[in-house]
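Biologist: I am new to this structure and would like a guided look. Could you take my questions one at a time?

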Amino acid sequence: MAEKQYICIHGHFYQPPRENAWLEAIEIQDSAHPYHDWNERITAECYAANAYSRILDDEGRITNIVNNYEKISFNFGPTLLDWMETNAPSIYTAILDADKKSAEHFSGHGSALAQAYNHMILPLANHRDKYTQILWGIRDFEHRFGRSPEGMWLPETAVDLETLEIMAQLGIQFTILTPHQATKTRKIGEKLWCDVGGGRIDPKMPYIQRLSKNKDINIFFYDGPISQAVAFEGLLNNGEEFAKRLADGFADRDNDQLVHIATDGESYGHHSRFGDMALAYAIKYIEDNNLGTLTNYGEYLENHPPTQEVEIIENTSWSCFHGIERWRSDCGCGSVEGQNQKWRKPLREAMDLLRDSVAPIFEKESKQYFNDPWEARNNYIEVILDRSPETLENFLQRNTVGLVSPADRVRMLKLFEIQRHAMLMYTSCGWFFNDLSRIETVQIIQYAGRMLQLCSELFEGDFESPFLKKLAEAKSNFPDQGDGKCIYKRLIKPAMVDLRCIAAHYGISSLFQEYPDQSILFCYHIRGFNRQGYEAGVARLEAGRVEVISGITLESLVLQFAVLYTGDHNLSCGIIENRHDKNFEKLMRNLSNHFDRAEFTEIIRIMDKYCDGSIYSLGSLLRDGQRKIIKLILQSKVSDALAMYHQFYHQNIPLMRFLNGSSTPCPEALYNAGKLALNGDLKVEFTRDILDHQTIEELLKEAHLAGIAIDAETLEFTLRKNLEQKAQQFEKNPDNYDLLKRLTAGVNLVYKLPFNVNLRMLQTIFYGVAQRELSRYREKKKQGDKSAADWVDTFKIISEKLNIRIP
């Protein structure tokens, strides 16, 4: 292998923003079961897997755990990193650390690339939004990685010259495109162009695209066939074959050349199970067998400046054969047989109408505070990245004119939140898939709904009606979903939240959980005081005052609440605004008198009168809180039901065994009773601190004899989380020998189960403990320490069970 052959693997790691537009948090997504939401699921399957990827020897033993990000080129969507910083901090840190490590490998060039902020299709954006999206992507990158980005990933690689000019203007040196996005090339200094349309460009070198105003930008065109094989043809089934396929990409020539690929990063673990391990092994195989020199784009560009010019084909992308039509018309990309995507055009037109009708009013309203409202919008990323009072103060000092009152601050923040949501509603995934009713499209309509709500609070005029009139032209393929207006009325409008809703959630949920005097509820700061409570059997009456402050807009209200709970799902919460304490105390005396006499209907009537119809129920709760309370309410009922199922099932165990043994179909009522009883018992056993192996084995044997299917997905997740929690405790306190024994017993149990358990996190933790602690314990064992000897022997047993090769 000549030293002139280089290999670069790029992963585009991205998830669309899924946060509720009013809560700035992702609510539970049932389709991601058994995980809370899709970000959490894909993080476990892909992002965490690549941060701690296993390399196996010929016997299938783990010989090393590596951070794949250190040796590849990668970009992460800014909104995904924002979620990860809070919800997966160890993985977030591993990604940032990998960029620093990659700079050590690659001549000072970090492997991380920036990305346009919220994955907007930039050729379809106006100039202002293009500029802000690119600038926000750069500022977000600088904030997280502590350096300026050299390159930037374009969402869906969708490109036009104006986008490239803005990137070059803001200091971006290169981007990555597909081969079919180039039309012609020529050597620098020559006049004759060579036609390379149809994906015929040589991808083994960088090119330079000349721009206006003496600007230019470098472009890498990735290897299409190898990238396609990684993403869609199963190349990740074998790491060695993956490495060899990359090496086969080199041409037989003397000059330096780069074989590089680009795919969705989710290929490595989410789309292709164990894809992270194929990547880790391929990297090792390339290095061990001298198949090429691993590099990243920044390093290669420094040592190999372009010798060829290129002209791109504007308005093209990597995921639409028709250019960028997938995000504005019924082009057929992403279609399902018997369906159409005619909804895409009116959906985009509705968004454009809303954006363009609000923009001049935003500009006019903002000029009383800012010399340049659009430049202030560009700088607003500082506040998005850090909502602290200090950052906001610095932002206001640098961007405002004159003194700013507290009310002005709220109004200014609302103006910028209008603009933030005006860009979030263009997130590309809203148009990508097959129907208007998918969660990705509902999500962007929700961002439009938040924008409309803020507009109604700040501006005169009706923005909602024209928007909905256009949105109604977007028709779902499913008759029961209706059109865009129906979806908005059914899913968006009822989900809108204001400070009163947050106060109601606080009041209702305080019946079922204790809140400190000051707490945080999603993106709201809560201060509760003057609480009063009354009980009569299951019935409860709670009341008090609460101050609610938005952490986003700083809008605040002091409200009074009264909640009546009469059992099951029956509760009513009244919210009162701007009432004097004496009047509220009088109201509470009145309510408590009726409560003492169990006159609940009268209490609800009085609450309705005093609260001007602002009565909230269990259905008004925010989704995660609602699920939590419903689970508490149902707990006793589910226990009673399971007890009946148990009794019914145990009475019929011999019969069910006979039916199974004679291959006779079991009646559905009998089968379901047994399935609920046995799976419920197993789930309880898998959550215990000390696992009862005998009971678990007996339950599994009974399920087998009775022919009852095990809920493998739920049970695997339950047991895995139990073991992972214990392993994390052991990682913090490796001297806890009792915990080590319990973990060893738990891992032994795993191999007796009729389903596989994902032990990745345990393997990572125990591999790390082995690196840090094993030599110390071995030394103590040599010195005759009996407890250390027991620890070493037990650690060896669990390591073998976890397939970890211990030196």
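Biologist: At roughly what angle do the axes of helix 13 and helix 14 cross?

Modeller: Keep in mind that this is a predicted model. Helix 13 spans residues 389-399, and its axis comes within 13 Å of that of helix 14. Helix 13 counts as roughly perpendicular to helix 14 because angles of 65 to 115 degrees fall in that class. The crossing angle is roughly 85°.

Biologist: Thanks! Which residues of helix 14 meet helix 13 there?

Modeller: Start from the helix 13 side, which brings Leu392, Glu393, Phe395 and Leu396. Their counterparts in helix 14 are Arg409, Met412, Leu413 and Phe416.

Biologist: Staying with helix 14, which residue there is in a salt bridge with Glu365?

Modeller: Glu365 sits in helix 10 (residues 344-366), while its partner is in helix 14 (residues 406-424). The pair links distant parts of the chain, 46 residues apart. The side chains meet at 2.8 Å, N to O, and the partner is Arg411.

Biologist: How many salt bridges does the structure hold?

Modeller: Some of them join into a network, such as the one that links Glu24, Arg387, Glu417 and Arg420. For the structure, the count is 61.

Biologist: Glu24 is in that network, so where is Glu24 placed, and what is its phi?

Modeller: Glu24 lies in the loop between strand 1 and helix 1. With a relative accessible area of 30%, Glu24 is partly exposed, because that value falls between the 20% and 50% limits. Its phi is positive although the residue is not a glycine, and the value is near 55°.

Biologist: Which peptide bond in that loop is cis?

Modeller: Look for a proline in the loop between strand 1 (5-13) and helix 1 (38-51), and you will find Pro34. The bond leading into Pro34 has an omega near 10°. The cis bond runs from His33 to Pro34.

Biologist: Let us follow the chain to strand 2 and strand 3. Which residue in their hairpin takes a positive phi?

Modeller: Strand 2 (residues 53-56) and strand 3 (residues 62-66) pair in the antiparallel sense over four bridges. Within that pairing, Arg54 has Ile65 of strand 3 as its bridge partner. Five residues lie between the strands, and the one with phi near 80° is Gly60.

Biologist: Now the open sheet: which strands stand at its edges?

Modeller: The sheet has six strands in the order 15-16-17-18-19-20, with antiparallel pairing. Each edge strand has a single partner strand, so one side of each is left without a neighbour in the sheet. The edges are strand 15 (518-521) and strand 20 (615-616).

Biologist: What is the bridge partner of Ser519 in strand 16?

Modeller: Strand 15 and strand 16 (residues 524-536) run antiparallel and are joined by four bridges. In strand 16, Ser519 is partnered by Ile526.

Biologist: Which helix lies across this sheet's strands?

Modeller: Follow strand 15, strand 16, strand 17 (539-550), strand 18, strand 19 and strand 20, and one helix lies across them. It runs at about 40° to strand 18 and spans residues 499-509. That is helix 19.

Biologist: And between strand 18 and strand 19, is Asp568 buried, partly exposed or exposed?

Modeller: Asp568 lies in the loop between strand 18 (556-565) and strand 19 (571-577). Its phi is positive, about 55°, although it is not a glycine. Because its relative accessible area of 36% falls between 20% and 50%, Asp568 counts as partly exposed.

Biologist: Further along, Glu702 and Arg657 meet in a salt bridge. Which of the two is buried?

Modeller: The two side chains come to 2.3 Å, N to O, and link helix 25 (residues 693-706) with helix 23 (residues 653-661). Arg657 is partly exposed at 36% relative accessibility. Its partner has 11%, and because buried means under 20%, the buried one is Glu702.

Biologist: One more: how far apart are the axes of helix 26 and helix 28?

Modeller: Helix 26 (residues 712-732) and helix 28 (residues 760-782) pack at about 15°, which means they are roughly parallel. Helix 26 passes helix 28 in a left-handed crossing. Among the residues that meet are Leu723 and Phe730 in helix 26, and Ile765 and Val769 in helix 28. The axes are 9 Å apart.

Technical notes. Residues numbered from 1 in each chain as written. Predicted model: local features only at pLDDT ≥ 70, side-chain atom pairs only at ≥ 80, totals over all residues. Heavy atoms only, no water. Helix = DSSP H or I, 4+ residues; strand = E, 2+ residues; numbered from the N terminus. Buried < 20%, exposed > 50% of the residue type's maximum accessible area, 1.4 Å probe, protein only. Salt bridge = Lys/Arg side-chain N within 4 Å of Asp/Glu carboxyl O. Pairing = 2+ DSSP bridges. Contact = heavy atoms within 4.5 Å. Axes fitted to C-alpha atoms, helices over the stretch in contact; angles between N-to-C directions. Parallel < 35°, antiparallel > 145°, perpendicular 65-115°, else oblique. Left-handed = near helix turned anticlockwise from the far one by under 90°.
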